[in-house]
Amino acid sequence: MTAHAVRTGVWFIGARGSVATTATAGAAAIAAGLHPPTGMVTETPPFTGAGLPPVTSLVFGGHDTLDCPLPKRAEALAAGGVLPYGLPSALEAELTVVDAEIRPGGPLPGDTRGDEELIAAFAADIEDFTRRNGLARTVVINVASTEPAPGEADSRLPASSLYAAAALRAGCPYANFTPSTGLRSPHLHDAVASCALPHAGRDGKTGQTLLRSVLAPMFVQRALPVRAWSGTNLLGGGDGAALADPAAAAAKNAGKERVLADTLGAAPEGEVHIDDVPAMGDWKTAWDHIAFDGFLGSRMILQTIWQGCDSALAAPLVLDLARLLARSHEAGLTGPRPELGFYFKDPDGGPAALPEQYAALLAFADRLRAAR
Ligand SMILES: NC(=O)c1ccc[n+]([C@@H]2O[C@H](COP(=O)([O-])OP(=O)(O)OC[C@H]3O[C@@H](n4cnc5c(N)ncnc54)[C@H](O)[C@@H]3O)[C@@H](O)[C@H]2O)c1
């Protein structure tokens with residue numbers, strides 16, 4: 001098989017969601033030459049020659065508990081201004097092919113299968129996809145709805161951990177782009193320790209937290225003590241609806257606050273609120289209010305307003321992660337990848353500030369290049 005014929009699978013948990021649909025349609029648009037890869041860090045010069053699988057070689061599939069056809073999901077995203085007008089019809093054939101590779105997720109209400117049966121069924125779906133499509137490997141990425149953190153008394157694994165366990169069982173590199181538990185369940189400790197697969201998480205850093213990871217080091221480096229850091233997010237879409245559940249929002253906010261605690265040394269006063277505003281669809285407004293001290297105790301305020309399209313921010317990062325983890329697997333790199341902390345609110349170790357995380361990512365690109 002020639003290098004060009006090598007194809008890589010990308011298996012999305014939550015394959016019919018906004019982020020997955022935008023990433024799938026985006027990859028098809030880039031492959032067809034309809035749009036440039038704006039926002040894909042792995043398409044910038046430092047990654048040239050690092051051996052990442054080309055976007056044109058990615059093959060998509062996944063699990064979802066919804067059965068709305070992918071072309072219809074893409075049309076809804078275009079109607080909301082997330083995807084460009086006309087793109088879903090231009091890519092209908094490609095989206096229909098991916099739609100046929102999406103398998104029913106779970107557990108659905110009334111599902112009588114136990115954890116082991118669900119893990120085995122999910123792993124079989126992923127293995128079947130890899131085999132039928134003749135893929136060199138498949139990277140599994142969780143972009144499903146945020147779930148509440150499991151309680152200590154819960155005897156069942158949360159869905160995100162069932163899928164994460166299935167990914168390991170199917171021999172796949174894994175990334176958790178959501179705040180859900182995924183691989184970080186104590187019940188998966190042994191499976192993770194012995195898996196010999198690269199993995200990364202947790203919760204993509206795309207907007208408000210991205211800005212926080214840039215601004216917080218500025219206050220530290222300029223010796224300006226932060227007294228309080230408060231934030232409010234307004235968003236709609238499926239993510240807005242999921243985060244209207246206080247338990248799911250708590251899981252999300254823990255990641256946003258962790259970035260501040262890690263960078264400032266301690267969590268400052270102030271909270272993060274997430275309001276579901278369905279009319280905003282996938283567009284988000286995030287307002288931060290930072291109170292800090294200056295020379296001789298002068299009191300100052302910085303306010304920022306971030307207005308972004310959540311899925312358009314997330315999709316190129318998800319494609320980056322798929323390529324980086326596929327290449328890590330090919331190069332025999334295993335275990336948690338702190339070099340990918342650049343992409344996460346709650347990374348697997350490594351520095352907390354964005355410039356150092358970017359430097360670590362570039363060093364990783366050099367390592368992947370040298371491993372050719
Ligand atoms: N900028 C961003 O968009 C961003 C940043 C960081 C994290 N995230 C996270 O990415 C995830 C996806 O966001 P979205 O906007 O695409 O949400 P969405 O609601 O549009 O999509 C989530 C999808 O997951 C599916 N799903 C739910 N439970 C499932 C299960 N048990 N098995 C399989 N599929 C299941 C839903 O049916 C839906 O299609 C969320 O957890 C969000 O917090 C997004």
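**Reading the ligand shell and a few residues**

Me: How many residues surround the ligand, and which are the closest?

Reply: The ligand is surrounded by 30 residues, and Val-19, Asp-64, Ala-144, Thr-146 and Tyr-163 are the closest. To be counted as near, a residue must have a heavy atom within 4 Å of the molecule. The model is predicted, so local features need pLDDT of at least 70 and side-chain atom pairs pLDDT 80 or more, while totals for chains, interfaces and linings use all residues. Residues are numbered from 1 along each chain as its sequence is written, and side-chain values use heavy atoms, without hydrogens or water.

Me: What makes the pairing of the ligand with Ala-144 a polar contact?

Reply: A polar contact is a pair of N or O atoms within 3.5 Å (within protein, one must be able to donate a hydrogen and the other to accept it, and residues adjacent in sequence count only if both atoms are side-chain atoms). A ligand oxygen lies 2.8 Å from a polar backbone atom of Ala-144, so the pair meets the limit of 3.5 Å. For Ser-145, a backbone N or O atom is 3.2 Å from a ligand oxygen. For Asp-239, a side-chain N or O atom is 3.1 Å from a ligand oxygen. The protein covers 92% of the 840 Å² of accessible area that the ligand has on its own (Shrake-Rupley method, 1.4 Å probe).

Me: Which elements give two or more residues to the shell around the ligand?

Reply: They are α1 (18-31), β2 (58-64), α6 (159-169), α9 (237-242) and α11 (310-330). The largest share, 3 residues, comes from α11. Helices (H or I, at least four residues) and strands (E, at least two) are DSSP runs numbered from the N terminus.

Me: How do the residues of the shell around the ligand divide into nonpolar, polar and charged?

Reply: The shell has 9 nonpolar, 13 polar and 8 charged residues. Ala, Val, Leu, Ile, Met, Phe, Trp, Tyr, Cys and Pro count as nonpolar, Asp, Glu, Lys and Arg as charged, and the others, Gly among them, as polar.

Me: Why is Asp-203 called buried?

Reply: Buried means under 20% relative accessible area, exposed over 50%, and partly exposed in between (1.4 Å probe, protein chains only). Asp-203 has 2% relative accessibility, so Asp-203 is buried. Asp-203 is in the loop between β6 (198-201) and α8 (208-221), and its phi is positive, near 70°.

Me: Is Leu-296 buried or exposed, and how do you know?

Reply: Leu-296 has 78% relative accessibility and therefore counts as exposed. Its phi is also positive, near 60°, and its place is the loop between β9 (283-293) and β10 (299-309). Most residues other than glycine have a negative phi, and most peptide bonds are trans.

Me: Which peptide bonds are cis?

Reply: A cis bond joins Gly-106 and Pro-107, with omega about -10°. Another joins Gly-201 and Arg-202, with omega about 5°. Pro-107 lies in the loop between β3 (102-104) and α5 (115-132), and Arg-202 in the loop between β6 and α8.

Me: Why is Asp-346 called buried, and which side chains does its own side chain contact?

Reply: Asp-346 is at 8% relative accessibility, so it counts as buried. Its side chain makes polar contacts with the side chains of Arg-184 at 2.8 Å and Arg-258 at 3.0 Å. Asp-346 is in the loop between β11 (335-336) and α12 (354-370).
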